[in-house]
Amino acid sequence: MARFAVSQQLLLSHSLPQPRFQNPYRNPNLKLSPCSCSNFIPRVSQARLSSPPESSSDSGKQNASTIREICQGYVPDHVLQRVEELGFVQPTNVQQQALPILFSGRDCILHAQTGSGKTLTYLLLIFSRINYQKSAVQALIVVPTRELGMQVTQVARMLAGKSRNLESQQKPLTVMALLDGGMLRRHKSWLKAEPPALVVATMASLLQMLERQVFKLESMQVLVVDEVDFMFNSSKQVSSLRKLLTQYSSIHNRQTIFASASIPQHRRFLYDCVQQKWSKSDVVHVHVNPVEPMPSCLQHRFVICSKRERRQTLLSLLQSDTPQSGIIFVGEQSEKSKRAGNPPASTLVIDFLKTTSYGQCSDILLLEEDMNFNLRTTSLSELRQKGSYLLVATDIAARGVDLPETTHIYNFVLPKTGVDYLHRAGRTGRKPFSDEKCIVTNIIALEERFVLRRYENELMFHCEELFL
Ligand SMILES: Nc1ncnc2c1ncn2[C@@H]1O[C@H](COP(=O)(O)OP(=O)(O)OP(=O)(O)O)[C@@H](O)[C@H]1O
């Protein structure tokens, strides 16, 4: 069965690229003919290709080649050594499919399930394109939240770190996190004194620096926009993002990568990429598992109860599941409720759990927008150090945050859209080569059943009723 598709503007009459030397984009005998924007959409649908592997999950178990084999000749050896030391040996499906395309220099839309390894995919490209002798910003990753930015920075720095077994003369790659709530003054001096090769930034902080001309993007080789659908949907970020894509840099001087687990109306998005000059016209859409947007290791359940019984129902679920690590998603507090001086749902849930013997024995942490940046950072780093935790969070934790130990998700309140459901659920099931079942439980009122059913249809999953 076809598990992924590559849609692209160039028509390919063969199966997907095999790793390394068989990469068709490097094969001079392979004739690829670009087409014009006017007939772009039909061609994208024609170009949907079926995949060779028999894989029935996104785990990449059947992948023949290793990351080293795919990256050799592109990514420096000391980085590949680090990649292996960190435990990344077999490529996931998105890595296997996208890396040969990325190394060929093509712009790319990385569209693959949550937890499928998109971050390592685009970081490996960046490591392949950096000139280590040059002192200039050569790659930029734009992310929607500070939390995701810190995480991506950490992974990049780990990969850039010294290998245990290889003495490298190479100057280490420097990574700057230019994130909301950071010390922008310090960053300003750093950018002027010795520009880092890679900058990971949130939109507002980045724009501030670009507008003040603290640095320019003239040496930028690679631009990655992570969680791209979220960025384009956010009224706060969209205009800055458009400026970045078209005014502060040009498609001709950079390779552009857009990444997300959800790109609603992806054909329209592809069309816009070309029309609006956000990407070059031969942009490739790597769509992994189009028939299964949600990881197959997730088991979905729902419990029906009245609104008054929600907290008690949550407690009963926690007592019977005894999750090793879980995230409870609550709704964001409305401005009206804030003005009325009501406590947010997160506080109500935590206070309730702490009055119970279950809550007193568990470590309960909080992550929400209204916390100050330092508290948010502390909360996340505490979580990463613990093997076992219970996090109460708003949707700020729903995008990109990688806490692989999470085994259970509880939607104390249903997310507003199917896309939000996909990202919340995707905070679990984040170990690419594991078959461990992870559970997503929705606590809903009877009248919300049809909303959940709509998400089931949209995202092609099945939710089972649980009776407590
Ligand atoms: N080749 C690999 N082998 C083993 N683990 C991997 C591999 N690639 C990535 N991982 C791990 O998989 C997890 C998920 O990766 P990542 O955060 O990149 O997912 P993602 O595709 O960006 O998900 P999301 O869409 O939710 O942001 C991480 O913990 C990462 O370390």
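Helices, in the sense used here, are DSSP runs of at least four residues, numbered from the N terminus. In this predicted model, helix H5, which spans residues 118-129, gives the most to the shell around the ligand, contributing three residues. The shell as a whole comprises 21 residues, and among these Gly-115, Lys-118, Thr-119, Asp-402 and Arg-430 come nearest to the ligand. When the residues of the shell are sorted by class, seven are nonpolar, nine are polar and five are charged.

Three side chains are placed with a polar atom beside an oxygen atom of the ligand. For Asp-402, a polar side-chain atom lies 2.6 Å from an oxygen atom of the ligand, while the corresponding distance for Lys-118 is 2.7 Å and that for Arg-430 is 2.8 Å. The ligand on its own has 640 Å² of accessible area, of which the protein covers 89%. With respect to the openings of the protein, the ligand is found in the second largest pocket.

An annotation from the record can be set beside this description. In an unreviewed UniProt entry, residues 310-468 are annotated as the domain "Helicase C-terminal". Within the predicted model, this span is 40% helix and 18% strand, and the C-alpha atoms at its two ends lie 12 Å apart.

How values were computed. Residues are numbered from 1 along each chain as its sequence is written. This is a predicted model: local features need pLDDT of at least 70, side-chain atom pairs count only at pLDDT 80 or more; totals for chains, interfaces and linings use all residues. Side-chain values use heavy atoms; hydrogens and water are left out. UniProt positions are given in the numbering used here, feature names are shortened, and annotations may be inferred rather than shown by experiment. A residue is near a molecule or strand if one of its heavy atoms lies within 4 Å of it. A polar contact is a pair of N or O atoms within 3.5 Å; within protein, one must be able to donate a hydrogen and the other to accept it, and residues adjacent in sequence count only if both atoms are side-chain atoms. Accessible areas come from the Shrake-Rupley method with a 1.4 Å probe; for residues, only the protein chains shown count as cover. On a 1 Å grid over the protein atoms alone, a cavity is a set of points where a 1.4 Å probe fits but cannot get out, and a pocket is an open set with protein on both sides within 12 Å along at least five of seven lines; lining residues have an atom within 4 Å of a point. A molecule sits in a cavity or pocket if more than half of its atoms lie within 2 Å of its grid points. Ala, Val, Leu, Ile, Met, Phe, Trp, Tyr, Cys and Pro count as nonpolar, Asp, Glu, Lys and Arg as charged, and the others, Gly among them, as polar.
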